[in-house]
Amino acid sequence: MKTIEELKEIIVDLKIALMKANIPNGHCPYAYYYSVEQESDCDDCDKCKREFFEKYKNKIRQEVEKW
């Protein structure tokens, strides 16, 4: 049986996976999701995507913690 914290983390992971599935390969996630502020210029796509998903994961985690 899973604990509540484990279930919350599963929800976060599933939301991130769904988001990644909705962004076509090679496209910038900022073009699809405006709810995350872009702090730096897009000079390195891999770094930009990594930062985007880290920020969005933290945002989702905060929302899930309110439950």
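## A tour of two helices

Start by selecting Glu9: at 28% relative accessibility, Glu9 counts as partly exposed, because that label covers everything between buried (under 20% relative accessible area) and exposed (over 50%), using a 1.4 Å probe and protein chains only. Before you click on, note that this is a predicted model, where local features need pLDDT of at least 70, side-chain atom pairs count only at pLDDT 80 or more, and totals for chains, interfaces and linings use all residues. Residues are numbered from 1 along each chain as its sequence is written, and side-chain values use heavy atoms, with hydrogens and water left out.

**Stop 1: the charged pairs**

Which residue forms a salt bridge with Glu9? Add Arg61 to your selection: the closest N and O atoms of this pair are 2.8 Å apart. The pair links distant parts of the chain, with Glu9 in helix α1 and Arg61 in helix α2 (residues 45–65), 52 residues apart. Helices here are DSSP runs (H or I, at least four residues), numbered from the N terminus. Arg61 is partly exposed too, at 29% relative accessibility.

A salt bridge means a side-chain nitrogen of Lys or Arg within 4 Å of a carboxyl oxygen of Asp or Glu. Side chains of opposite charge can pair when their charged atoms come close.

How many salt bridges does a search of the whole structure find? The count is 2, so select Asp13 and Lys57 next, whose side chains meet in a salt bridge at 3.5 Å, N to O. Asp13 lies in helix α1 and Lys57 in helix α2, so this pair ties together parts that are 44 residues apart in sequence. Asp13 has 37% relative accessibility and counts as partly exposed; Lys57, at 27%, is partly exposed as well.

**Stop 2: the core**

Now select Val12, Ile16, Met19, Ile23, Tyr30, Tyr33, Cys48, Phe52, Phe53, Tyr56, Ile60 and Val64, the 12 residues of the largest nonpolar core. Such a core is a set of buried Ala, Val, Leu, Ile, Met, Phe, Trp, Tyr and Cys residues joined through side-chain atoms within 4.5 Å. Both α1 and α2 supply at least two residues each, and α2 gives the most, with 6.

Zoom in on Ile60. Leaving aside residues up to four places away in sequence, Ile60 touches Val12, Lys15 and Ile16, where contact means heavy atoms within 4.5 Å.

**Stop 3: one last residue**

Finish on Leu7, found in helix α1 (residues 4–22). At 42% relative accessibility, Leu7 counts as partly exposed.
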